[in-house]
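Load the model in your viewer and keep the selection tool at hand. The stops below are meant to be followed in order.

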Amino acid sequence: MKILVCISHVPDTTSKINFVNGDSEFDNNGVQYVINPNDEFGLTRAIWFQEQQGANVTVVNVGGADTEPTLRKALAIGANEAIRVNAAATDGFFVAKQLAEVVKSGNYDLVICGKESLDYNGGMVPGMLAGLLNYNFVNSCTDLKVDGTSAKASREIDGGKEVIAASLPLVIGGQKGLVEEKDLRIPNMRGIMTARTKALTVLEPVSASVETKAVKFEKPAPKSAVKLFSADDLDGLVNALHNEAKVI
Amino acid sequence: MSLLIYAESADGKFKKVAFELASYAKKVAESLGTTVTAVTVNASDVSELSNYGVNKVLKVTNSKLDNFNAKAYADVVKQAAQKEGAKVIVLSSTTDSLYLAPLVAVGLEAGFASNVVELPVSTSPFQVKRTAFSNKAFNITEISTDVKVISIGKNSFGLVESSSSLTEEDFTPTLNDADFNVKVESVEKSTGKVTIADADVVVSGGRGLKGPENWGILEELASVLGAATACSKPVSDLGWRPHSEHVGQTGKPVATNLYIAVGISGAIQHIAGINSSKVKVVINSDAEAPFFKVADYGIVGDAFDILPKLTQKLKEFKASNS
Ligand SMILES: Cc1cc2nc3c(=O)[nH]c(=O)nc-3n(C[C@H](O)[C@H](O)[C@H](O)COP(=O)(O)OP(=O)(O)OC[C@H]3O[C@@H](n4cnc5c(N)ncnc54)[C@H](O)[C@@H]3O)c2cc1C
């Protein structure tokens, strides 16, 4: 089985979010980048398929050279090889289009994406990719097993889950549950050393139309201070929720 | 060239988001000088949509669509959009709609923007305000394609009644057999429990509750308020509560009217996921807990002491206000 894991390179969850150039661009200054958490669950599941079922795992990112440390980290965690499509990830459709080319030329059986990335939260790349490839697609995937060319997946739904059967080739939008938090791997020294010798291929992008553009950013308005009630004044709280906030 | 919404139903009955979508779409349609068409799948009575400004319903009835199937439903929405010549398609943020939205967009060669939180900033060029960076910021996105797909963030618009005359039309889209290669084998749904996605109130517990055996006091509070229960990430990682209750940046997003956090410190990743809730209440024994910086109301104190008393007060309040 050939697996492609699509990796988004995103600001660490503790990052302060600021903008520059008249609020038109994200401020990279001092920001640490990580593998997008949803993608990390998928990558770890892919490594499980590699170890248990002999799968070959390629990781791919659409991004500039500055994203290579993130790909190297994925290699250190255990991916066999990496691909970087050399273009800024400007819009979800553009990214999906680049990934579709990579999938077609590499004949992957299983494409694992995260259901959304933590920077733009677009949640569109896995679905658009599946649509462009006309592959089967399971989003919000919380469990995945593969036997030959058939897959069994769980999908989180509002208030429960669904068990889904689908054949390969398949695209999933993954999340926590694919593996548990405790199964996530921190690269060890040996992994980091071997990652340096693994192939990281740089491809040039194919042309794609620009469908959407982030023209400007805004930060939420500052909040007014919290209103405190003492533990003896729960009536005060109930009253405020009813008469002031009008939520009960 | 009307505006199209997909009005979701479950067991034949519309979900509340269907009416929220209709309310939103009606306002956008007015500014574009057009009307709202809704496509429905196996909804029994569609007349309620006329309370929210919908002028036309394309009714799809097909037992093959009893289980949600993203590709098949995307085909339905796409063909409805083509039939109506719709230039703007408005979807919700339920897990099902977020599943089908990108498929609809690719199928119609339409640009897509998710998590839209307000009416369009401008309709020409078409610009919408959406959340980004897990609610730490907003971004104005311009969609430049001829056809546009947007999905509206949970609870970001609300219901606006507006009565309209409604015409119903049976609609039979062509379904592709290959769409059914993804088959639902079983569905597990908690019955009788309010889900985080549907709830107007969410009561959430953190590590401050010390252990799973202490969740009874939280559940009682939730029950008086008709609320869903949720938890912080470590609580689900420790196995105290199911993963489906984990909220935050790496868990479920919460955008309710009222979010009550008990024994939750308010780490940046937690807040990112719940910050779009309208009113936030924190109960925490540590006055320095960061949650107090983002909450509207707070009580510094011991949850084990406060929760039962608060539940009692709310019971009395409900009794005298019903
Ligand atoms: C990559 C990444 C992603 C993450 N994603 C998420 C996420 O999605 N969601 C999330 O929640 N976290 C997330 N976290 C974890 C986050 O950083 C915090 O560790 C977590 O939110 C803390 O959970 P907590 O508030 O329950 O526990 P703690 O931080 O331990 O806080 C417990 C609180 O309970 C209070 N307390 C103790 N006893 C009492 C009492 N008797 N009465 C009242 N209060 C009491 C304490 O004062 C304290 O403030 C993430 C972390 C990382 C690194």
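The tour goes from annotated domains to a binding site, then to empty space and cysteines.

This is a predicted model, in which local features need pLDDT of at least 70, side-chain atom pairs count only at pLDDT 80 or more, and totals for chains, interfaces and linings use all residues. Residues are numbered from 1 along each chain as its sequence is written, chains are lettered from A and ligands numbered from 1 in the order in which they are written, and side-chain values use heavy atoms, with hydrogens and water left out.

**Stop 1: the annotated domains**

Select residues 23–212 of chain A, which the UniProt record lists as "domain: Electron transfer flavoprotein alpha/beta-subunit N-terminal" (unreviewed entry). UniProt positions are in the numbering used here, feature names are shortened, and annotations may be inferred rather than shown by experiment. The span is 31% helix and 32% strand, and its end C-alpha atoms lie 17 Å apart. Helices (H or I, at least four residues) and strands (E, at least two) are DSSP runs, numbered from the N terminus.

Now select residues 3–184 of chain B, where UniProt places a feature of that name, also from an unreviewed entry. Here the chain is 25% helix and 32% strand, with end C-alpha atoms 31 Å apart.

**Stop 2: the binding site on chain B**

The UniProt annotation "binding site" (unreviewed entry) covers ten positions to select: Arg207(B), Gly263(B), Ile264(B), Ser265(B), Gly266(B), Ala267(B), Ile268(B), Gln269(B), His270(B) and Asn284(B).

Centre on Arg207(B), in the loop between β14 (201–205) and α4 (216–225) of chain B. Is Arg207(B) buried or exposed? Its relative accessible area is 52%, so Arg207(B) is exposed (buried means under 20% relative accessible area, exposed over 50%, partly exposed in between, with a 1.4 Å probe and protein chains only). Not counting residues up to four places away in sequence, Arg207(B) touches Ser232(B), Pro234(B), Val235(B), Leu238(B), Trp240(B) and Gly263(B); contact means heavy atoms within 4.5 Å.

Move to Ile264(B), in the loop between β16 (258–262) and α6 (268–274) of chain B. Ile264(B) counts as buried because its relative accessibility is 4%. Beyond four places in sequence, its contacts include His270(B), Asn284(B) and Phe291(B).

**Stop 3: the second largest pocket**

Select Ala89(A), Thr90(A), Asp91(A), Asp119(A) and Tyr120(A). The second largest pocket has a volume of about 1300 Å³, and of the 49 residues that line this pocket, these five are the closest to its centre. On a 1 Å grid over the protein atoms alone, a cavity is a set of points where a 1.4 Å probe fits but cannot get out, and a pocket is an open set with protein on both sides within 12 Å along at least five of seven lines; lining residues have an atom within 4 Å of a point. Grid points are joined across faces, edges and corners, and a volume is the space filled by probe spheres set on the points. Strand β14 (residues 212–218) of chain A gives the most to the lining, with four residues.

**Stop 4: the cysteines of chain A**

How many disulfides are there over all chains? The count is zero, a disulfide being a pair of cysteine sulfur atoms within 2.5 Å. Select Cys113(A): the nearest cysteine sulfur, that of Cys6(A), is 3.7 Å away. Cys113(A) is buried, at 3% relative accessible area.
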